[in-house]
Amino acid sequence: MESELNEEYYKNERKADWRDKLRKEMKSKDRTNIPKIHMIEEDPLVRNKSNIEVNKGLTLALALQESRRCLDCVAPTCIVGCPVGTNIPKFIKYLEAGDILGAAKVLKENNSLPAICGRVCPQEIQCEAQCVYVKKLSGEGAAIGHLERFVADYDREHGDNSIPAIAEPNGIKIGVVGSGPAGLTVAGELAKFGYDVTVFEALHDLGGVLKYGIPEFRLPNSIVDFEINTIKQMGVKFVTNFIVGKTATFDDLKSEGFVAFFIASGAGLPNFMNIPGENFNGVVSANEFLTRVNLMGGGKTQFDTPVHAGKNVVIVGGGNTAMDSVRTAKRMGAERAIIVYRRSQEEMPARAEEIKHAIEEEIEFINLTTPIEYFADENGNLNKMRVQKMGLGEPDASGRRRPIPIEGSEYDIDVDSVVIAVGVSPNPIIQQSMPELEVTKWNTIKVDENMMTSIPGLFAGGDIVRGGATVILAMGDGRKAASGIHAYAQKLVLAESV
Ligand code: FAD
Ligand code: SF4
Ligand code: SF4
């Protein structure tokens with residue numbers, strides 16, 4: 001999804017006196033000579049034994065230096081790369097002018113979770129990939145994500161943390177299924193319109209993948225909790241340990257007065273490869289592994305949650321989930337923590353920064369290789385895996401080159417733990433409880449341009465609609481659905497008043 005660029009609008013907006021003054025103070029030629037800053041990071045060999053955040057944030061001096069690299073372009077193509085259309089030059093120029101809280105306000109116009117997006121957005125294929133430095137100057141894009149994180153963190157630490165303006169309560173009840181980024185966004189947006197919003201969450205904690213998937217060394221829970229608390233202060237109610245479709249059906253909830261729903265139940269069903277030995281003790285899905293560690297204290301002495309933390313651990317896959325799992329295994333004491341991936345590093349879907357961090361943390365990579373069988377001892381405990389080398393053919397439907405098995409290249413690796421991270425599918429509970437709901441062949445829910453499903457009043461967004469996607473795309477869906485739900489509910493009110 002790409003944002004639209006209204007060139008005329010941005011051209012006029014940048015004519016503001018204060019922006020004109022900044023451009024006069026430093027010419028573009030001088031700005032392009034400023035070296036790109038780098039994030040301050042924890043020492044790799046210290047951090048790979050602890051859960052402390054890897055990226056330590058920018059100093060004010062570094063943030064200002066990077067803000068000066070931004071050319072305040074007439075047609076800021078960076079905006080096109082942001083799925084929610086953040087006004088990037090405007091927030092960066094507020095920062096350059098020293099008004100950091102003003103910069104935060106600009107960010108929040110389109111994005112309710114900038115501290116999270118600044119940390120986890122795949123900027124190198126979104127906003128930063130479209131920056132003029134990359135497109136026209138053969139350079140490195142402005143560090144938009146790092147600046148977004150700096151501004152959002154500053155705002156949290158130094159701002160007044162006031163909650164957004166909220167319309168007079170209208171008493172209309174809306175239900176949200178799931179508390180991941182899509183559900184949190186829709187809840188916050190609808191609260192602003194005055195709705196009585198309740199979020200139902202199947203797990204005992206809130207945040208979806210932001211909490212149970214992405215580890216604390218990338219996204220501290222305190223940041224997610226801060227955002228959730230703001231939404232709570234806006235009047236949104238949260239009910240945990242509540243599985244919609246099991247604990248109660250949509251009909252049950254309708255009888256309690258809910259008039260519309262947003263399904264944001266994510267894609268939490270792990271895929272397996274269906275190869276021999278996948279049922280042995282010691283082979284688990286990344287979803288299970290990360291949830292046990294991140295949400296249930298697995299590996300910590302004060303918790304009873306069992307988790308298999310091996311000495312020789314292989315993670316199968318090359319996405320963000322695989323990188324998070326392998327780096328988590330290393331932190332849990334693995335002597336060898338190895339990525340086995342069927343394509344080359346170039347094709348890995350993980351964020352570039354996560355791959356770089358993993359390499360620095362002494363993660364081993366066995367690329368162009370795929371597992372074909374697992375073996376166990378007489379007690380059924382995994383002790384070996386057989387892999388096969390792969391070549392690369394023509395690009396497939398995903399645009400990446402198709403892996404092709406190389407006959408006779410099989411060999412064995414000693415392992416005591418394998419984590420499978422080869423993709424996820426939508427959790428089927430809701431679809432099963434509503435056979436009339438239209439779904440795709442991948443079991444994702446079909447929606448129209450307003451994010452409404454085939455059932456009037458039932459909206460959906462995020463991974464349950466897209467399959468595994470990204471935080472910012474889930475949030476974008478949440479914003480769009482909030483407008484759709486608002487229009488739907490107002491029509492109902494109008495019909496009842498006639
Ligand atoms: P989710 O975040 O999955 O939340 C869905 C919630 O719904 C869950 O809490 C679930 O318990 C709840 N739920 C499910 N069924 C029900 C039900 N029937 N009743 C009540 N509640 C229910 N994206 C990025 O942009 N950058 C990254 O770096 C990144 N890293 C990732 C790392 C990992 C390990 C994983 C798994 C994903 C990562 N992603 C990343 C993808 C991103 O997290 C997801 O695209 C995003 O969280 C989807 O948001 P969502 O709100 O649709 O669903
Ligand atoms: Fe870039 Fe993500 Fe921020 Fe958009 S939300 S500007 S894509 S970091
Ligand atoms: Fe700044 Fe790059 Fe956007 Fe131009 S394209 S406004 S330089 S961030």
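Helix H16 (residues 320-331) lies across four strands: E9, E10 (336-340), E11 and E16. Its direction makes about 165 degrees with that of E10. This is a predicted model.

Now look at the sheet under discussion. It is an open sheet of five strands, ordered E8-E16-E9-E10-E11, and the pairing is parallel. Strand E8 (283-285) and strand E11 (364-366) stand at the edges. Each has a single partner strand, so one side of each is left without a neighbour in the sheet. From one strand to the next, the twist averages 25 degrees.

Take one pair inside this order. Strand E9 (residues 312-316) and strand E16 (residues 417-420) run parallel and are joined by four bridges. Val316 has Ile420 of E16 as its bridge partner. Helix H15 (residues 286-294) also packs on the sheet, where it touches E8 and E16. The direction of H15 makes about 80 degrees with that of E8.

Next, a pair of helices. Two packed helices are described by the angle between their axes and the distance between the axes. For helix H11 (residues 181-192) and helix H20 (residues 471-497), the angle is about 35 degrees and the axes are 7 Å apart. The crossing of H11 past H20 is right-handed. H11 contributes residues including Pro181, Val186 and Leu190, while H20 contributes residues including Met475, Gly478 and Ile485. The contact residues comprise ten nonpolar, three polar and two charged.

Last comes helix H5 (residues 60-69). Its buried residues are Ala63, Leu64, Glu66, Ser67 and Arg69. They pack against helices H3 (28-32), H6 (88-96), H9 (132-135) and H10 (144-158).

Technical notes. Residues numbered from 1 in each chain as written. Chains lettered and ligands numbered in written order. Predicted model: local features only at pLDDT ≥ 70, side-chain atom pairs only at ≥ 80, totals over all residues. Heavy atoms only, no water. Axes fitted to C-alpha atoms, helices over the stretch in contact; angles between N-to-C directions. Helix = DSSP H or I, 4+ residues; strand = E, 2+ residues; numbered from the N terminus. Left-handed = near helix turned anticlockwise from the far one by under 90°. Contact = heavy atoms within 4.5 Å. Nonpolar A, V, L, I, M, F, W, Y, C, P; charged D, E, K, R; others polar. Buried < 20%, exposed > 50% of the residue type's maximum accessible area, 1.4 Å probe, protein only. Pairing = 2+ DSSP bridges.
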